[in-house]
Number of protein chains: 2
Amino acid sequence: MKQPLSSTEENYLKAIFKVCERSDKPASTNDVAILLNTKAASVTDMLKRLSEKSLINYMKYKGVTLTDTGKIIATSLIRKHRLWEVFLTDKLSFGWEEVHEIAEQLEHIQSKELTNRLEEFLDHPKFDPHGDPIPDREGKFEYRQQVLLADLNKNTNSVIVGVNEHGTEFLQYLEKLNLILGSKLVVLDTFTYDNSLLVRVNDQSEQTISAKVAKNIFVQKI
Amino acid sequence: MKQPLSSTEENYLKAIFKVCERSDKPASTNDVAILLNTKAASVTDMLKRLSEKSLINYMKYKGVTLTDTGKIIATSLIRKHRLWEVFLTDKLSFGWEEVHEIAEQLEHIQSKELTNRLEEFLDHPKFDPHGDPIPDREGKFEYRQQVLLADLNKNTNSVIVGVNEHGTEFLQYLEKLNLILGSKLVVLDTFTYDNSLLVRVNDQSEQTISAKVAKNIFVQKI
DNA sequence: AAATATTTTTAGACTAACCTAAAAACACAT
DNA sequence: ATGTGTTTTTAGGTTAGTCTAAAAATATTT
């Protein structure tokens, strides 16, 4: 009988997935250590164990990637995390800045049936409250063609569809600026001095946005 | 900074609460070991640690009781467990025999806000799907005046309000017999030979019920 | 009250997950 | 290619939680 993975092991798989997601290159020990806020030595320890279980491809000094089995587990965790986030915002009226932490716990609940019924109950949402895509039962993601606000051309109509950072402070700040998912945006001007932007929001107010913020907002052209 | 209890520690508190709930006497090491399906030596170990944290009153060879703090934590766990069970049956259409296992995991999610909002979302239920009372925020239980079906007088109208055992097999069996919460019952006859009962269910069918089953059903006179 | 049986605790060992400090491997600049 | 600096691994130690086997305390029986 093979018992389920511990939450710790699951978190390692998720971290490796996240590091590899964009870059496609193997994740380094350090990448994982930083993401999990732990030490490199601890990571090496765990990599050996996960490798033993055929969940990762690991060779000393060469970095780590997920095996197919590892990928399935990682995407299932992301699926659960994001579905629970939708539950918390849509059904329990939590703010989008409050849900991440709770979902970090809920994603480790083991019950396929629960996940699938939750998805049903929520009407098969395709994106979570931060605009991240929710993988389906088979682990397939529906990616969008989105672009960073910082890279958007002048005078192009767009809508906010996601964020590139999930920290509470950032999300609360965005809300205060009235920059939430679905907000309509047009860049009216860009200032090369500090790379800040002048934007019109929802065809009403105009405001400037710092480069740092603009690099953490995803928009879609319309 | 005092960090939250581990799930293991929480489970010990819950077990001690359960043993002490009815009897009022201190729980023995063995009681706890049996309930948690572990060994007495492990329990002794843990009792020392929980005592250190002032969550239990423990004296060698004398058994264990919960301190006020320990009781608060234990009832909070029961509250969460039962609220989640209501969620699973009422919102996700799980059967009453399926919810216990999943709720065992969900009860360890740490977020007061989540529990309170869940309660709100479920319309402040007073009882879980098995008829057990759900403690309020302050940990107060609303007990009912209920009686075992086995102790019910002949020809007394009653309603099933709870069960004394939560095993999957028993609950599925009850459902097959059409004995669910809310079913109306009248004992028409009792057979001293094997202490089985002849009952009328919902003013319709008549059937016999074994002594073992009758000892695990709670009814309320009407 | 002594003998026996049961329960509980101690002693010692194991695993998972972490850490620090030192050694080994790798990267890369001169 | 040699030396320097960074990254990764090893070595060894810690804590939580578990176990078995033996010792100690309590309970029961005669």
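## A tour of the DNA contacts and helix α3

Start at Y61(B): an N or O atom in its side chain is 3.4 Å from a sugar or linking oxygen of DNA strand D. This is a polar contact, meaning a pair of N or O atoms within 3.5 Å; within protein, one must be able to donate a hydrogen and the other to accept it, and residues adjacent in sequence count only if both atoms are side-chain atoms.

The model is predicted: local features need pLDDT of at least 70, side-chain atom pairs count only at pLDDT 80 or more, and totals for chains, interfaces and linings use all residues. Residues are numbered from 1 along each chain as its sequence is written, chains are lettered from A and ligands numbered from 1 in the order in which they are written, and side-chain values use heavy atoms, with hydrogens and water left out.

**Stay on strand D.** Select K48(A). An N or O atom of its side chain is 2.8 Å from a phosphate oxygen of DNA strand D. Next, take Y61(A), where a backbone N or O atom lies 2.9 Å from a phosphate oxygen of DNA strand D. Now show the 22 residues around this strand; Y58(A), K60(A), S6(B), S42(B) and R49(B) come nearest. Here "around" means having a heavy atom within 4 Å of the strand. Colour α3(B) too: its five residues are the largest share of the surface near DNA strand D. Helices here are DSSP runs of H or I with at least four residues, strands are runs of E with at least two, and both are numbered from the N terminus.

**Switch to strand C.** Select Y58(B). A polar side-chain atom there lies 2.4 Å from a phosphate oxygen of DNA strand C. At N30(B), a polar backbone atom is 3.0 Å from a phosphate oxygen of the strand. Y61(A) appears again: an N or O atom of its side chain is 3.3 Å from a sugar or linking oxygen of DNA strand C. Which helix gives the most to the surface near DNA strand C? It is α3(A), with five residues.

**Finish on α3(A).** Select residues 40-52 of chain A. The buried residues are V43(A), M46(A), L47(A) and L50(A). Looking down the axis, they fall within an arc of 110 degrees, so they line one face of the helix; the arc is that of the directions from the axis to the C-beta atoms. The face turned away carries the exposed A41(A) and E52(A). Buried means under 20% relative accessible area, exposed over 50%, and partly exposed in between (1.4 Å probe, protein chains only). Just after the helix, S54(A) takes a positive phi of about 60 degrees.

How values were computed. The expected span of a helix is 1.5 Å times one less than its number of residues.
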